[in-house]
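Biologist: I would like to learn how to read a few features of a fold. Could you walk me through them with the model open in front of us?

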Amino acid sequence: MPGFADSFWSSDYAGGLGVLFGKLQQGVMENRQILTLARLRAEAEDVYGQRLADIAPAADRVSGGFSRDDGATVRKAYDGMRTEMQDAAKSHQRIAQNIRDLVVNPFGRWCDAHEARIQDSQDDLQARTKAHDRQAETVKKLRSNYFNKCRLVEDLEEENKLAFQEPETSPKNGASIPEIKVQPHKEEESHDDEEIYEIGDEIYQPDQIKKILSHMLSNIKMGETKVPILGTYLNTSAGSDIVEYLQRTMATSSVSYAERIGQDLISNGLLRLIGNVGSTFANSSKMFYQWRPKAFRLAGIPEKKQSLNRTFSIPISESSDSPVVGTVSEYLANWNVLNNKNPNETPSQRLQREARESDEKYKSAVKKLDQLRCDLEESIFIHLKFLEQCELDRLKAIKTVILDFSGTISNVIPSLQSTVDKMMLFQETVQPLGDLRYLLETYRTGGFVPRVAVYENYYNKVDSQIFGVDLEARARADKKRVPIIVTAILTYLDHHYPDLEGDEARRGVWLVDVPLAQTHRLRAKLNNDGAVSQDVFSDFDIPTVASLLKLYLLELPDSLVSTHVYEIVRTIYTTPAAEGTESSRVAVLQQTLSQLRLSNIATLDACMNHFTRLIDLTSADDEYVASLAATLSRCILRPRAETSLTMEEKHAVRLVRDLFTHKDAIFSELKRMSTLSHSSSVGGNRPRAISTDESNRKTLMEERNRALLEKATASRSRATSPAPGTQRGHRRDRSSGGPETRFPIQTSPTANERHRSSLGSSLASAVNRQSLEVPAEGSMTPPEALSGDGNRERTDSLSKGTPTRFVAGRRVPTSPPSEENARGVTLEDKPMDD
């Protein structure tokens, strides 16, 4: 059964948490209802007992009755009735006292503590979510500013090129020449317009702060304040007047909160303290604060200035708030003739500097946002597990309360046994686990899929980013079909499986629930350094390294099996014909997976080779295979959007089971299809998609020119086709060439070479070890850049014993295939075109 930690996630974090806390607050109200029920029952029993106790004294006050006849049999009957009523009164009072002692008092204290726990968790997560959202908005603004600066740099470079052309290449007469109009102080005004003000617990936009300041300057009492020696200050207000306005107009809850708002006005440069040292705001009628020119400028209200009656020998700065210049040193410190930190800069240098500064701000903001996201997700995981335990304890407490409530009555009044039996029946129907399962199945919002804030370079460079980057972009940056991070993790696990004791421990590596904080620490080391090495993995245990691979696949922008084919996979497993015969289902899966990109297919093949060998070599049973498939299902295939329908579907689990069972059949056909498509692309028959994205225009043009140059250079070194005299047709069930041209990545031995063996001494052997390796260790580091002549040779680390060499960026076998094995055309492997 899934828990809270796997069920209440959403893209904005707040959606899933809102649903959960809504249900938890409903549970708090349910506790109050049960507590009210028990309290009122105790009061009713107490009142009933008191009324019963009043019956005997009321009857005794009647004189001349049974008191005169001591030996009558009727008197004994009367005394018996009177005693029974007194005993009944004591019994009901005892019931009331037991209900208070056993139910109302302890359960009331527990309910208060439970409500406090829920509220503390909600406040903490809400604060973290708000901080994350504020940082995300900041990242968006910094990204927009960074892109604008880069565009200005490019525009200026293009204008410089046009401005310094030769006369014969210059634009024709009459053509419109773009002009650049520079407006002074425009940058300062736009900076003020874009600034965000945080006052109190609220964040105000420029238009909002304009309205607030305009209203404050119009309604707060303002006058002149004389300060000894310094002179007279205009536009001043007392601290008590400002606090009174805030309490009356902005509905502040307390004086301390109003003083906090005043302190934020000082911090944002809207107020300043006069006549005292420091910048502290206080609710005092003796402390005066001057409204600064920035406040009048933002509010759009003209500032009241004092006309000078004296002539000074030195000019007064316009930005000075005081009419009297205190010292010459203060004037000289604030005097800047050019008002520029870099006076010798050209416009081009200034724009480039601003672009670099905006890039650094944007990059640091993205790192801060990523850290906030990691901290938020760790906190959500901890709180969700804690809240799940709290909800389970609440349901168990309700069951205990019902049992104690019925026990207090059943122990005192046997005549109410039938009612008590019904209460016992009711408490037997309470099933805490069933109610918890109902809550999850009815109100869950989605599984854990992290949303990574990726640094988007203006020139579409991946740089050292590993997590959250598109799989194909990461593979292109690594110059591999399978990203180095995937290869490194699988290889590390391959080498360290023998260190574990027993097959049970090896199988349990992928099923251990590793804390997210520990996985994030390993992720931070790799993502910050940008280089993958075995030394980083050695500092963590093996389950953490395996958990890192699952986290990497979850943080991909698209799942390993793309979300575009999710509906096709659903159709495959919901069609009765597909369930009837496995061969037909496998054929449809082959066609469906062939739509994926080569990097996705190669990565999926590497992962499946690792898991199938682990299953075979450890003799895993069906129960373990089912658990492993359920654990990996969200890493392999996810729907485009989580709905209540997709959360109940098991198509991804069935797909992983089929990949385990029919791996050789599926991926052998995918390799054959890849070979055919590769041959058609070599022949130039593959249609080229028209790209409409202009964001990476410069990079695409450079890659296209480089590809044309490599094609022209390597045309002489391409292997020749068989002689035209050989009358031999091309068969679709068999492709020509050696194993190095079958598929871009050979990540595992073939099915004929795999055999079942234990991971004992044969795993430790350096010669006969059947390890769970993916590629060889040579693929752990990116390949070296090819020299310009294109004749450098090296051995392919991913091929099994077949030497290869690289000619003009293409990988070709050193010894071409013999004439006997040649069929159709000879295939060549080459780097990715897209």
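**Reading strands, helices and backbone angles**

Modeller: Gladly! Let us begin with one residue: Asn235 lies in strand 4. Keep in mind that this is a predicted model.

Biologist: What is the phi of Asn235?

Modeller: The general idea comes first: most residues other than glycine have a negative phi. Asn235 is not a glycine, yet its phi is positive, at about 55 degrees.

Biologist: And is Asn235 buried or exposed?

Modeller: The cut-off for buried is under 20% relative accessible area. Asn235 has 6% relative accessibility, so it counts as buried.

Biologist: Which other residue should I look at for a positive phi, and where is it found?

Modeller: Try Lys479, a residue other than glycine with phi near 60 degrees. Lys479 sits in the loop that links helix 13 (471–478) and helix 14 (484–496).

Biologist: Back to strand 4, then. In what order do the strands of the sheet come?

Modeller: The order is 3-4-6-5, in an open sheet of 4 strands with antiparallel pairing. At the edges stand strand 3 (223–227) and strand 5 (271–274); each has a single partner strand, so one side of each has no neighbour in the sheet. On average, neighbouring strands here are turned by 60 degrees against each other, direction ignored.

Biologist: How many bridges join strand 3 to strand 4?

Modeller: There are 4 bridges, and the two strands run antiparallel, with strand 4 covering residues 231–238. To find the register, look at Thr225, which stands opposite Tyr233 in strand 4.

Biologist: Which helix packs on the sheet?

Modeller: That is helix 6 (residues 239–249), which touches strand 4, strand 5 and strand 6 (288–291). The direction of helix 6 makes about 25 degrees with that of strand 4.

Biologist: Now a helix pair. At what angle do helix 23 and helix 25 cross?

Modeller: For a pair like this, look at axis distance, angle and handedness in turn. The axes of helix 23 (residues 622–636) and helix 25 (residues 651–661) come within 8 Å and cross at roughly 115 degrees. Angles of 65 to 115 degrees count as roughly perpendicular, and these two helices are therefore roughly perpendicular to each other. Their crossing is right-handed.

Biologist: Which residues meet there?

Modeller: From helix 23, they include Val625, Leu628, Leu632 and Ile636; from helix 25, Val653, Val656, Arg657 and Phe660 are among them. By class, this contact has 11 nonpolar, 1 polar and 1 charged residues.

Definitions and conventions
Residues are numbered from 1 along each chain as its sequence is written. This is a predicted model: local features need pLDDT of at least 70, side-chain atom pairs count only at pLDDT 80 or more; totals for chains, interfaces and linings use all residues. Side-chain values use heavy atoms; hydrogens and water are left out. Two strands pair if DSSP finds at least two bridges between them. Axes are lines fitted to C-alpha atoms, for helices over the stretch in contact, and angles run from 0 to 180 degrees between N-to-C directions. Contact means heavy atoms within 4.5 Å. Angles under 35 degrees count as roughly parallel, over 145 as roughly antiparallel, 65 to 115 as roughly perpendicular and the rest as oblique. A crossing is left-handed if the near helix is turned anticlockwise from the far one by less than a right angle, and right-handed if clockwise. Ala, Val, Leu, Ile, Met, Phe, Trp, Tyr, Cys and Pro count as nonpolar, Asp, Glu, Lys and Arg as charged, and the others, Gly among them, as polar. Buried means under 20% relative accessible area, exposed over 50%, partly exposed in between (1.4 Å probe, protein chains only).
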